[in-house]
Amino acid sequence: MPELPEVETVCRGLAPHLTGRRIESVLCRRPDLRFPLPEMSVLHGRICERVERRGKYLQFLFGDLMLVWHLGMTGRFHVLSASAPLQPHEHVRLTLSGGDCLIYRDARRFGYAGLMPVDCWQTHPWFANLGPEPLADDFNAAYLASCCKGRKGPIKPLLMHAQMVVGVGNIYACEALFRAGIHPQRAAGRIARGRLQRLVQAVREVLAEAIASGGSTISDFARVDGSPGYFAHSFAVYGREGEPCGICGKSIRRSLQAGRSTFYCADCQH
Ligand SMILES: [Zn+2]
């Protein structure tokens, strides 16, 4: 399942291929993915002005209309020559001015898309309750402290809650808590402000590093031949149960928390 860094990498990979291009034709090979597809033909003749990301949604801006796309689990965008043959699991093809086409492939079809007016997308149900972007200024220690105040529940599920902050999935929550030295089971309301500041910094770092490591594979997302291309990082704790902690050498532990595997070092995180 693509996480925020992968979606950001897709966004950055697509932007130069789409910006300024006119939609010459629209072909949807089925009426629905996870949900019914929007009336894509209204994009015909429109020019893509920008490609952006909010949470795990891609946003394609076409004048007063925004095409919003969620990749689900197996969704992929590719930019190919307009003459490229039909690809496996290709569901949508937008032919672009300049001789390319944008295709959307999705083997499991958990992806979904919508069209909405640019001036009110923030109030759409997909966006209305999203917390701040983790790399934006409004995700800061004061904000995190206000979210944690009085909470007896553990910090990790809170960190993964999209209403609190978007895009911190299980992997990045584990990594950020390790880097900040905070035990994933610690009650959110009992973490000192200085440690929350470190956690904010750690979240930013692990996501920024993941995005940076994706940079070298951006072309794989944009102009490909079918290989999935999602990058495998090396993580400090995630997936490393029983391996020595890189700081203290004790074994990394795994526990189940809210149904998800949590990896941590009991010595370095408290
Ligand atoms: Zn350790």
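Which residues of H4 are buried? Here are a few notes on that and on the neighbouring features.

1. A word on the basis first: this is a predicted model, in which local features need pLDDT of at least 70, side-chain atom pairs count only at pLDDT 80 or more, and totals for chains, interfaces and linings use all residues. Residues are numbered from 1 along each chain as its sequence is written.

2. Helix H4 covers residues 170-180, and 11 of its 11 residues are buried. They are Asn170, Ile171, Tyr172, Ala173, Cys174, Glu175, Ala176, Leu177, Phe178, Arg179 and Ala180. Buried means that 20 or more other C-beta atoms, placed from the backbone, lie within 10 Å of the residue's own. Helices are DSSP runs of H or I with at least four residues, strands are runs of E with at least two, and both are numbered from the N terminus. Just after H4, Gly181 has a positive phi of about 70°.

3. The largest nonpolar core (buried Ala, Val, Leu, Ile, Met, Phe, Trp, Tyr and Cys residues joined through C-beta atoms within 7 Å) has 65 residues, with Cys174 and Leu177 making the most contacts inside it. H4 supplies the largest share of this core, 8 residues.

4. Strands S2 (residues 50-54) and S3 (residues 57-62) run antiparallel, joined by 5 bridges; strands pair if DSSP finds at least two bridges between them. Arg54 stands opposite Tyr57, and Gly55, in the turn of this hairpin, has a positive phi of about 60°.

5. S3 is also joined to S4 (residues 65-70), antiparallel, by 6 bridges. Phe60 has Leu67 as its bridge partner.

Technical notes
Buried ≥ 20, exposed ≤ 12 C-beta atoms within 10 Å, placed from the backbone.
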